[in-house]
Protein chains: 4
Amino acid sequence: MIVVLKQNPDAQQLSTLIDWLKEKHIEVHTSTGELHTILGLVGDTAAIDADLISALDIVEDVKRVQEPYKNANRKFHPENTVVTVGDTQIGGGTLTLMAGPCSVESEEQIVAIAKSVKASGATLLRGGAFKPRTSPYSFQGMGAEGLELLKIARQETGLPIVTEIMDTAQLPLFKDVDVIQVGARNMQNFDLLKQLGRQEKPVMIKRGLSATYEEWLMSAEYVMAGGNHNVILCERGVRTFESYTRNMLDLGAVPVLRKLTHLPVIIDPSHAAGKAWLVPQLSVAAVAAGCDGLIIEVHNDPEHAACDGPQSIRPETFAEVAKKLHGLHNYLSENA
Amino acid sequence: MIVVLKQNPDAQQLSTLIDWLKEKHIEVHTSTGELHTILGLVGDTAAIDADLISALDIVEDVKRVQEPYKNANRKFHPENTVVTVGDTQIGGGTLTLMAGPCSVESEEQIVAIAKSVKASGATLLRGGAFKPRTSPYSFQGMGAEGLELLKIARQETGLPIVTEIMDTAQLPLFKDVDVIQVGARNMQNFDLLKQLGRQEKPVMIKRGLSATYEEWLMSAEYVMAGGNHNVILCERGVRTFESYTRNMLDLGAVPVLRKLTHLPVIIDPSHAAGKAWLVPQLSVAAVAAGCDGLIIEVHNDPEHAACDGPQSIRPETFAEVAKKLHGLHNYLSENA
Amino acid sequence: MIVVLKQNPDAQQLSTLIDWLKEKHIEVHTSTGELHTILGLVGDTAAIDADLISALDIVEDVKRVQEPYKNANRKFHPENTVVTVGDTQIGGGTLTLMAGPCSVESEEQIVAIAKSVKASGATLLRGGAFKPRTSPYSFQGMGAEGLELLKIARQETGLPIVTEIMDTAQLPLFKDVDVIQVGARNMQNFDLLKQLGRQEKPVMIKRGLSATYEEWLMSAEYVMAGGNHNVILCERGVRTFESYTRNMLDLGAVPVLRKLTHLPVIIDPSHAAGKAWLVPQLSVAAVAAGCDGLIIEVHNDPEHAACDGPQSIRPETFAEVAKKLHGLHNYLSENA
Amino acid sequence: MIVVLKQNPDAQQLSTLIDWLKEKHIEVHTSTGELHTILGLVGDTAAIDADLISALDIVEDVKRVQEPYKNANRKFHPENTVVTVGDTQIGGGTLTLMAGPCSVESEEQIVAIAKSVKASGATLLRGGAFKPRTSPYSFQGMGAEGLELLKIARQETGLPIVTEIMDTAQLPLFKDVDVIQVGARNMQNFDLLKQLGRQEKPVMIKRGLSATYEEWLMSAEYVMAGGNHNVILCERGVRTFESYTRNMLDLGAVPVLRKLTHLPVIIDPSHAAGKAWLVPQLSVAAVAAGCDGLIIEVHNDPEHAACDGPQSIRPETFAEVAKKLHGLHNYLSENA
């Protein structure tokens, strides 16, 4: 950590600061310039609150050198994390395809889609039971009943299920879910993250609408600090000035996260685009960007989907896309 | 609502759509152009899911004409909402000052600050007991104990208290809080909003980091749809490309919200700026923008505040600012 | 175009508006609702200024249905544009690699890099002679002398050259340049665009830092409206809240532009990333997104480059990347 | 400047770097930590290219401590700059009102508006002769003829004129203009800025659509580095995710710029809002934020304005607003 002092800092205050840092076993190196004096702090600065220091009268600026996340940091954990779910693995060179409808609507619907996407190569079934909707007047999901229907679909197909939790009170209902998803709007619902850290199910954290990489990794850190290291990151587009697509998919996040963290990275092209016709091409680009998998909305009747119809592709399109993605993944693995 | 059809829409599908709309008591007016046909939908279109329609093969685009919020909409409720809290009123031409520390740290601290800000003209005491922190390693607030200390400060000063809830499970603890705050990161925590709609305490909703006016008002609508119409909106800056300040304060939100809604609007200059020296000038500008009040972080020892020290002003600065704000508010009321 | 009227519009003003539209050969279809009346305008509405209409007292909102660009619009020009430069073609299923240093620094440097990138499969040589730098104290490029050195490198290798123009006054110097580049900061320098429309050299327009697709296409329209249809679009990342990378590369732009326009799309991973180590992976993803080519900064000594060193890759890295990109492009063409 | 080295930097490269810095009369202070070594550079680091250093293999990050602008920096020029234009002064505690139409349309129009705004207290006349328009099919301004009409209006009223230049080639036409405006889209048209630095007329630089404070000040620095210190900054809203208003007005820019620079700051509420009804309230807030003046679009017939009608207020509204603004400015001066 680097502390930039204001011109002519009060000597008494400076000495108090340095003593306080030394008490915390931080070495302090001082560089005195004409306009600024710089303190280089050396030691375990993750425990030092940068905000506290920058509040001091004599301080102009504080700049972190080390990342504030530890468990999620590749520097301290160089090996890729591989998350095992049933018979399938997420991360470590595999290409995971999670597919299914935005919302579970009926047993018939979810079982039919599950069978179809499994036949096309999906290894997890996605489907929403609790739905975060902008409007209180929109369909809010089938809730607990939807979870039961997902389990039936799992039983029929063997596909593990991934579905979204919206509130800590729902946690008991998620005991038998395979991967618990935290939605973009809940990425910084810290109570929820803490609770998910105290249980064992893998947690997939979607990136917030305008979350930086660091904030996103700090949300992963919340779960990991609780003891649960089965964390998956999911990029689903961020909010910008451009309104043609629902969000802007940040594929650069894949190589960046590869460097910063050891956690698997999944791409959600459906929510990023908000338009079904963009999903196939974005998926191909995502695989080439090096992601560990995709989560794709598939609906047998997108025109009558209870939500997010415009971004769902049909099962037959998914079959084609899945084939293409697996082909490309193999090609790239062989030509790395 | 306006539906723009693709060129040469399938006649059968078009007729199905029109029949479906008529069943829902929507009148359909058709304008046929060379490149596009436009349907003008007339009636209660708030119940129509625009996403569903835009998923249809024959549809190019759907544009809403009416706002999707009703309870929060000034068109249907022209009078300003005034929220009564104890002896004080928020909205309706008054200037409310909410002040206090980022976090409650001790009885001594919170009581001292409460007395001081009351003497300077604050009408509500703010203070965090449950703190949303980016890092799991930062101080997370005193929790339930902090709420008790706030109540002691209320007893000592008579100031009603406003404090943040982070999770539905905390609701029983908030029974005796005067105004319940929903933080920016929870603005779209829909389960929390629903629960807050089912109780009677006033709810102050902070704007999400990159929330549009419409999304923000839809979050208010969640609370109001549950029956609780005591909703206050709080602008606290939005996220942009500029990193000099913590966020960018959107003072244009005040006149815009005045037009769109009847709910009171509070400005939080402290979180917007992230720098104490900016707070006084931003507060003056906020009053001139026409807000109903401000929420300002005040700490007797910002250099040792447990969190957000850099943006807290000292009680003596608050006293000067409060005097200036009341003077300006009076001047503007007399010269409207 | 759709005009949404306010409630109870003044009949006289409405009739004036309708008459004025009819004079312009626009048909007007009226849908009268309880809260809003909607006018559907049918005919050549590109000539109607939406801003003028929305300024009327009786108008609440104006929504465009047709895109405001014509020459660049795929609807009116379904075939892909292929730009021919010397012996090479940009667009139409080829993969163009433009490579070279940020700045031309010396004959030796530019000729050596040109030979190297040509050997690796580049088909155009890029190099800056006039450099837009944020600081007046940074190296501003070699100017006219740099253009001469680029021509020498072209003579030595046969590679056509692409280089940036910054001002209309430089145009005479660019007579012998093969592709004239308009930088992101000049994307809406309309006088420059007009002048470039009145000459014949192909023009490559970089996307502005926060330009929408429509604004970008309108800049292309400026050049095309002048008679020059040899326009190439170059995505180079946009500005967001994330500061880890220099910009956020919007690979979704590729399939979106494919739908909206017939012009070729080039990706610049170097400026988007601002970090050399990200360039190879982003390039692979860009090819998979379906772009027509890439423009990549290559420097034989990035540590001593006169500008933008951190984002330049070395010739030997470029050789590997180029091989990989051509392999992938072939694989994708065969498996489309 | 602070240089953060990678772990275990190559000793030879490190020694080369330090020698090179010493040659440039930079002192280097080294702090060696477990994970990182930090170099504190002391001396005139404005001349050191941070990009060059960060390109070195051994360097992880470079952080500036000093601002890269000198002439515009309040640290080196503590007194406020006051720009004198004819009989009026911009900056230094005055409140300047620049008013007039978006475009000059006719002698009759511009003279009538000039007389009207003068009577209401405006001290400069604004009006566009060369207009930057997103579409090549929109009205592009009257050009040189418009400048002549502005001069007639100046002669009739005595009001100095402020108008926008779009290209270096227009400079000879601007010899007799009082304040030359650089538009937001040209804020980083560096050739134009350089030319404006070589002449004496005051230059008003609008903030780019997504320009940081530092970039904006660097554009001022371009003009000042050429010798022209009569620079005025104009905030006109920035681009965000919110589309309800044309741009988001950043009133926090006023106190921030006050700290960073000594140059006068003008606010343009008209372009920020894009809606005439927002202009009065935003203007009041801007004065309270401490700006040196406003530039407001006024049109006698906004419904038939050749451009930007929706954001122009009528002369009678301007008269009321101007009165209110002067009253508020006096009140605030007396109660500072």
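How many helices and strands does chain A have? Chain A has ten helices and 14 strands. The legends below refer to a predicted model.

**View 1. Chain A, taken as a whole.**
This predicted model gives chain A ten helices and 14 strands. Along the principal axes, the C-alpha atoms of chain A fill a box of roughly 75 × 45 × 40 Å. Chain A has 336 residues, and buried residues make up 65% of them. Among the contacts in chain A with a separation of 6 or more, 67% are between residues 24 or more positions apart.

**View 2. The interface of chain B and chain A.**
Here 48 residues of chain B are in contact with 48 residues of chain A. The area buried between these chains is about 4,000 Å². Carbon and sulfur atoms give 47% of that area. Three residues stand out: Tyr137(B), Arg185(B) and Glu303(B) supply 16% of the area that chain B buries against chain A, more than any other three residues.

**View 3. Polar and charged pairs between chain B and chain A.**
Two salt bridges are found across this interface. One of them joins the side chains of Glu215(B) and Arg239(A), at 2.6 Å from N to O. The interface also holds 23 residue pairs in polar contact, counting pairs with both residues at pLDDT 80 or more. On the chain B side, the elements that give two or more residues are helix H2 (50–54), helix H5 (190–197) and helix H6 (213–225). H6(B) gives the most, with five residues. By residue class, the side of chain B that touches chain A divides into 19 nonpolar, 15 polar and 14 charged.

**View 4. The interface of chain C and chain B.**
This contact takes 25 residues from chain C and 23 residues from chain B. The buried area is about 1,900 Å². Carbon and sulfur atoms give 70% of it. The count of salt bridges between chain C and chain B is two. In one of them, the side chains of Lys75(C) and Glu60(B) meet at 3.4 Å, N to O. Four residue pairs are in polar contact across the interface, with both residues at pLDDT 80 or more.

**View 5. Strands of chain C that face chain B.**
Which elements give two or more residues to the side of chain C that touches chain B? They are strand E1 (2–5), strand E2 (27–32), strand E3 (37–42) and strand E4 (59–63) of chain C. The largest share, four residues, comes from E2(C). The residues on this side of chain C divide into nine nonpolar, nine polar and seven charged.

**View 6. Cys291 in chains C and D.**
The structure holds zero disulfides over all chains. Why is Cys291(C) without a bond to the closest cysteine sulfur? That sulfur is in Cys234(C), 9.7 Å from the sulfur of Cys291(C), which is too far for a bond. Cys291(C) counts as buried, because its relative accessibility is 4%. In chain D, Cys291(D) is in no disulfide, and the nearest cysteine sulfur, that of Cys234(D), is 9.7 Å away. Cys291(D) also counts as buried, at 4% relative accessibility.

**View 7. Leu249(C) and its surroundings.**
Leu249(C) is found in the loop between strand E12 (231–235) and helix H7 (253–260) of chain C. Is this residue, Leu249(C), buried or exposed? Leu249(C) is buried, with a relative accessible area of 6%. Not counting residues up to four places away in sequence, Leu249(C) touches Leu249(A) in another chain. Within chain C, Leu249(C) touches Glu235(C), Arg236(C), Gly237(C), Ile267(C), Asp268(C), Ala272(C) and Leu282(C). Asn8(C) is 241 residues from Leu249(C) in sequence, and their C-alpha atoms are 47 Å apart in space.

**View 8. Asn228(B) and its polar contacts.**
Asn228(B) sits in the loop between H6 and strand E12 (231–235) of chain B. Asn228(B) counts as buried, at 3% relative accessibility. What does the side chain of Asn228(B) reach at 3.0 Å? The partner is the backbone nitrogen of Asn230(B). A polar atom of the Asn228(B) side chain also lies 3.2 Å from the backbone oxygen of Leu196(B). Leaving aside neighbours within four places in sequence, Asn228(B) is in contact with Leu196(B), Gly197(B), Gln199(B), Glu200(B), Lys201(B), Val203(B) and Val223(B).

Terms used
Residues numbered from 1 in each chain as written. Chains lettered and ligands numbered in written order. Heavy atoms only, no water. Contact = heavy atoms within 4.5 Å. Buried area = accessible area lost by both parts, 1.4 Å probe. Salt bridge = Lys/Arg side-chain N within 4 Å of Asp/Glu carboxyl O. Polar contact = N/O pair within 3.5 Å; in protein donor to acceptor, adjacent residues only side chain to side chain. Nonpolar A, V, L, I, M, F, W, Y, C, P; charged D, E, K, R; others polar. Disulfide = S-S within 2.5 Å. Buried < 20%, exposed > 50% of the residue type's maximum accessible area, 1.4 Å probe, protein only.
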